[in-house]
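Colleague: Could you walk me through this model before I set anything up with it? I would like to start with the whole chain and then go to single residues.

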Amino acid sequence: MSAELVGVIGIGILVVLLLFFRMWIGLAMALVGFLGLLYLQGYKQAFGVISTVPYETVAYYPMSALPLFVLMGVIVGNTSIGEELYYTVYKWVGSLRGGLASATVLACAVFSSITGSSATGTVLMTKVALPQMRKYQYDDALATGCIASAGTMGILVPPSMGFIMYGLLTEQSIGKLFMAGLLPGILLTVLFICAITIIATFRPEAGPAGPMVTFREKVVALKKIWHVTLLFLLVLGGIYGGIFTPTEAGAIGAFGAFVIVAITRQLTGKIFLDILKESVTTSAMIFLLIVGAFIFMRFLGVSKLPFALVEIIQQLQMSKYVIFAGIILLYILLGMFLEIYSAVTFTIPIVYPVIVALGFDPIWFGVVVVLVIEIGLITPPVGMNAFILSGTTGIPLATVFRGVVPFLIAMVVCIILLAVFPQIALFLPGTM
């Protein structure tokens with residue numbers, strides 16, 4: 001049996017373990033990688049890999065950025081910072097037609113810049129924004145659609161856990177990936193607001209205007225977002241300016257978040273313990289995924305399957321954009337069934353060598369990967385954000401999925417713009 005065929009069988013076994021046995025993806029990748037190495041190279045090399053890779057991976061210095069950014073996001077998510085952010089944005093744009101929905105999108109975009117989580121933003125805005133939109137008789141489809149869709153920006157707007165994992169697995173600069181996600185995040189925010197404006201223009205009853213607010217009230221409301229602005233400038237400004245590395249930025253951001261919640265008297269003993277517990281649990285889950293991915297990558301490297309795939313694709317003589325479109329479809333399908341961490345760790349060892357061989361920029365591709373997985377988070381039948389929103393509100397899934405359609409179109413437009421104008425993602429990294 002050829003090594004390449006063993007690689008194909010290994011991927012098939014991995015899919016079976018994930019879909020039918022619901023095995024944790026990190027453990028499944030480690031198990032398949034170990035068994036594959038055992039068959040191809042013998043027990044000495046296989047046991048050598050599983051005895052060294054976990055330590056080498058966890059001890060790798062850039063890995064420390066991951067729990068630090070998780071900690072910063074959890075601190076923010078367990079305090080009232082998100083609610084105050086929505087309150088401020090609501091004061092500025094809530095009086096416009098469709099303004100409450102636009103305020104939700106803007107609040108999610110800014111909130112994402114300090115949490116890096118789609119689920120956190122979705123849950124928070126469901127709790128804060130949905131009651132306000134229902135109060136002013138917003139259409140349930142528009143209200144839930146904008147919340148579920150805007151929540152996905154948590155994995156696009158930096159700092160993003162998706163970018164951190166992609167950078168670790170591909171050995172790309174995490175700092176450049178963060179910067180690459182900033183302008184696409186702004187572009188997607190604008191496209192979402194355009195979608196809301198179009199809906200409110202043609203169907204005014206779907207997004208009525210909120211109460212009028214004086215300019216003085218708007219200015220006063222800005223004082224509630226000083227902490228968000230400070231954290232954002234501190235973390236991303238420091239990385240962009242070369243003042244500190246992403247790992248150091250994570251430490252500074254986490255420390256800054258602790259100082260902010262302490263100054264604002266939101267850090268009780270119970271909240272502190274909850275923050276530590278959630279941070280440790282999330283970080284451990286992601287570490288397991290990455291360790292499993294590196295063991296699986298060792299197996300794929302020995303099987304030479306990625307190189308065989310590159311040769312096959314090159315012999316097909318197809319346009320690289322046709323192949324790229326197929327990869328995009330694959331990620332959208334995976335996003336329906338897997339959360340971003342699993343989708344990235346499962347596919348990058350196979351897809352990344354193909355992308356590099358086709359001549360695509362790896363930093364640009366990282367942004368595209370995160371964006372298409374965002375689409376999967378709100379696409380039926382298993383869009384995770386839609387399920388979270390429906391489960392917490394009791395609104396039928398059919399209503400939520402109907403509401404996300406305009407935002408799905410906006411995401412597709414964003415991907416097309418990135419494909420036609422890759423400098424949208426590459427401009428800021430190029431100036432670092």
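Modeller: What follows goes from the overall fold to a few individual residues, and please keep in mind that this is a predicted model.

Colleague: Okay, how many helices and strands are there in the chain?

Modeller: The chain has 21 helices and 0 strands.

Colleague: And what is the radius of gyration, set against that of a compact globule?

Modeller: The chain has a radius of gyration of 22 Å, and because a compact globule with 432 residues would come out near 22 Å, the value agrees with that expectation. Along the principal axes, the C-alpha atoms fill a box of roughly 75 × 45 × 45 Å.

Colleague: What share of the residues is buried, and what supplies the exposed area?
Modeller: Of the 432 residues in the chain, 54% are buried. The chain exposes about 18200 Å², and carbon and sulfur atoms supply 71% of that area.

Colleague: Which part of the contacts comes from residues 24 or more positions apart?
Modeller: Counting the contacts with a separation of 6 or more, 81% are between residues 24 or more positions apart.

Colleague: Switching to charges, how many positive and negative side chains are there, and how far apart are their centres?
Modeller: There are 20 positive and 16 negative side chains in the chain, and the centres of the two sets lie 8 Å apart.

Colleague: How many disulfides should I put in the topology?
Modeller: The count comes to 0 disulfides. Cys108 is in none, and the nearest cysteine sulfur to that of Cys108 belongs to Cys146, 7.9 Å away. Because a disulfide is counted when two cysteine sulfur atoms lie within 2.5 Å, this pair is not one.

Colleague: Are those two cysteines buried or exposed?
Modeller: Cys108 has a relative accessible area of 1%, so Cys108 is buried, and Cys146, at 0% relative accessibility, counts as buried too.

Colleague: Changing topic to the backbone, which residues have a positive phi although they are not glycine?
Modeller: Two to look at are Gln137, with a positive phi of about 60°, and Glu171, also with a positive phi of about 60°. They deserve a look because most residues other than glycine have a negative phi.

Colleague: Where does Gln137 lie, and is it buried or exposed?
Modeller: Gln137 lies in the loop between helix H7, residues 118–135, and helix H8, residues 140–151. At 65% relative accessibility, Gln137 counts as exposed.

Colleague: And where does Glu171 lie?
Modeller: Glu171 lies in the loop that runs between helix H9, residues 161–170, and helix H10, residues 174–202. With a relative accessibility of 71%, Glu171 counts as exposed as well.

Colleague: One last topic, helix H13: is Phe255, which has its place there, buried or exposed?
Modeller: Phe255 is exposed, because its relative accessible area is 58% and the cut-off for exposed is over 50%. The C-alpha atom of Phe255 is separated by 9.9 Å from that of Ile75, although the two residues are 180 residues apart along the chain.

Colleague: What about Ile263, where is it found and how far is it from Ala200?
Modeller: Ile263 is found in helix H13, which covers residues 246–263, and Ile263 is exposed, with a relative accessible area of 56%. Ile263 and Ala200 are 63 residues apart along the chain, and their C-alpha atoms are separated by 40 Å.

Terms used
Residues numbered from 1 in each chain as written. Predicted model: local features only at pLDDT ≥ 70, side-chain atom pairs only at ≥ 80, totals over all residues. Heavy atoms only, no water. Helix = DSSP H or I, 4+ residues; strand = E, 2+ residues; numbered from the N terminus. Rg over C-alpha atoms; globule rule 2.2 N^0.38 Å. Buried < 20%, exposed > 50% of the residue type's maximum accessible area, 1.4 Å probe, protein only. Contact = heavy atoms within 4.5 Å. Areas by Shrake-Rupley, 256 points an atom, 1.4 Å probe, with all protein chains shown as cover. Lys, Arg positive; Asp, Glu negative; His and termini not counted. Charge placed at Lys NZ, Arg CZ, Asp CG, Glu CD.
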